[in-house]
Amino acid sequence: MNEHWGPLAGLIGEWEGTGGLDSAFSHSRGEVLQTPYLEKVEMKPFGPVDNGSQSLYGLDYHTAMWRDDEDSPFHTEVGYWLWDAAAGEVLRCFVVPRGITVLAGALTTAEATSFTMSATLGDPKYGICENAYLGQRASSLSYEVTITVNPNDTWSYSECTMLAMAEFGEPFAHTDSNTLHRIA
Ligand code: HEM
């Protein structure tokens, strides 16, 4: 009955990808670094969740990324992906444990194998909230992610968070991408 999950059906499962690439400003190095990473993602289906006449099916997800042979992940996220079939709306709500919450969304179709979700700081619908320190030093102005479900039981993402960093005069593009293959 995976059709309930629309464009999210191809993401259900446990996934791993060794080809991650992060571009971020490193405070310890004082420069922008390109960091390869290993990622492990779990997407557990649930639903329906009903809000009045609205019916949502979702994925309960957590992901973690490691660089080199470090024991602890250098980035994690927890959250939910949601599909509203009647509205044709896909949502990704998640927390980055730097004190950032994101609710990104888009309109798409149940059959879509590629879709792009976005969020903007201060937007009441698809928004970003952040702690006061980050608001002053490294503010997340916008977030955009493109998901592509591939025919060979893998899926890919490419995302860009535009940051207003105290270190730079112009907004800085903090980018991440990976391709995940099924392990369960
Ligand atoms: C695969 C996903 C991601 C990875 C691997 C990642 C990794 C990193 C790394 C390595 C840094 C640099 C920390 C340092 O050395 O100082 C960083 C900074 C940062 N990231 Fe991400 N990040 C990811 C996604 C995100 C997302 C989705 C957001 C927000 C929507 C975000 C917001 C930030 C912010 C605000 C900083 C700056 C912190 C500061 O300068 O004090 N990141 N990230």
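This report describes the fold, strand pairing, ligand shell, nonpolar core and two individual residues of a predicted protein model.

## Overall fold

The secondary structure of the protein amounts to one helix and 11 strands. In sequence order the elements follow the pattern β-β-β-β-β-β-β-β-α-β-β-β. The helix, α1, covers residues 132-137, and strand β9 covers residues 138-149.

The protein has 184 residues, and a compact globule of that length would have a radius of gyration near 16 Å; the value for the protein is 17 Å, which agrees. Taken along the principal axes, the C-alpha atoms fill a box of roughly 50 × 35 × 25 Å. Of the 184 residues, 24% count as buried. Among contacts between residues at least 6 apart in sequence, 44% join residues that are at least 24 apart.

## Strand pairing

Four strand pairs are described here, and the table gives the sense and the number of bridges for each.

| Strand pair | Sense | Bridges |
|---|---|---|
| β1 (residues 13-26) and β11 (residues 172-182) | antiparallel | five bridges |
| β10 (residues 154-165) and β11 | antiparallel | 10 bridges |
| β7 and β9 | antiparallel | seven bridges |
| β9 and β10 | antiparallel | 11 bridges |

Strand β11 pairs with β1 and also with β10. In the pairing with β1, Asp 22 stands opposite Asp 176 of β11. In the pairing with β10, His 174 of β11 is the bridge partner of Thr 161. Strands β10 and β11 form a hairpin, with six residues between them.

Thr 161 of β10 also stands opposite Tyr 143, a residue that belongs to the pairing of β9 with β10. These two strands form a hairpin as well, with four residues between the strands, and in this hairpin Asp 153 takes a positive phi near 60°. Strand β9 pairs with β7 too, and there Ser 114 stands opposite Thr 148 of β9.

## The shell around the ligand

Which residues come nearest to the ligand? There are 24 residues around the ligand, and Ala 24, His 27, His 75, Ala 138 and Asp 176 come nearest. Asp 176 is the residue of β11 that stands opposite Asp 22.

By class, the shell is made up of 12 nonpolar, eight polar and four charged residues. At least two shell residues come from each of β1, β2 (31-51), β6 (100-107), α1, β9, β10 and β11. Strand β1 gives the most, with four residues.

## The largest nonpolar core

The largest nonpolar core has 25 residues, of which Leu 8, Trp 83, Val 90, Val 102, Ala 104, Ala 119 and Tyr 143 touch the most other members. Strands β2, β3, β4, β5 (89-96), β6, β7 (114-121) and β9 each supply at least two residues of this core. The most come from β6, with four residues.

Two of the core residues named above can be placed further. Tyr 143 stands opposite Thr 161 in β10. Trp 83, leaving aside neighbours within four places in sequence, is in contact with Trp 5, Gly 6, Pro 7, Leu 8, Leu 56, Tyr 57, Gly 58 and Val 90. Leu 8 and Val 90, among these contacts of Trp 83, are also among the core residues that touch the most other members.

## Two partly exposed residues

Is Arg 67 buried or exposed? Arg 67 counts as partly exposed because 15 C-beta neighbours lie inside 10 Å. Arg 67 lies in the loop between β3 (54-66) and β4 (75-84). Not counting residues up to four places away in sequence, Arg 67 touches Thr 35, Pro 36, Tyr 37 and Phe 74. Measured by position along the chain, Arg 67 and Ala 166 are 99 residues apart, and in space they are 26 Å apart, C-alpha to C-alpha.Pro 45 is placed in strand β2. Pro 45 is partly exposed, since it has 18 other C-beta atoms within 10 Å. Apart from residues up to four places away in sequence, Pro 45 touches Trp 5, Ile 12 and Leu 59. Trp 5 is also one of the contacts of Trp 83. Pro 45 and Gln 34 are 11 residues apart in sequence and 33 Å apart in space, C-alpha to C-alpha.

How values were computed: Residues are numbered from 1 along each chain as its sequence is written. This is a predicted model: local features need pLDDT of at least 70, side-chain atom pairs count only at pLDDT 80 or more; totals for chains, interfaces and linings use all residues. Two strands pair if DSSP finds at least two bridges between them. A residue is near a molecule or strand if its C-beta atom, placed from the backbone, lies within 6 Å of it. Ala, Val, Leu, Ile, Met, Phe, Trp, Tyr, Cys and Pro count as nonpolar, Asp, Glu, Lys and Arg as charged, and the others, Gly among them, as polar. A residue is buried if 20 or more other C-beta atoms lie within 10 Å of its own, exposed if 12 or fewer, and partly exposed in between; C-beta atoms are placed from the backbone. Two residues are in contact if their C-beta atoms, placed from the backbone, lie within 7 Å. A nonpolar core is a set of buried Ala, Val, Leu, Ile, Met, Phe, Trp, Tyr and Cys residues joined through C-beta atoms within 7 Å. The radius of gyration is taken over C-alpha atoms; the globule rule is 2.2 Å times the number of residues to the power 0.38.
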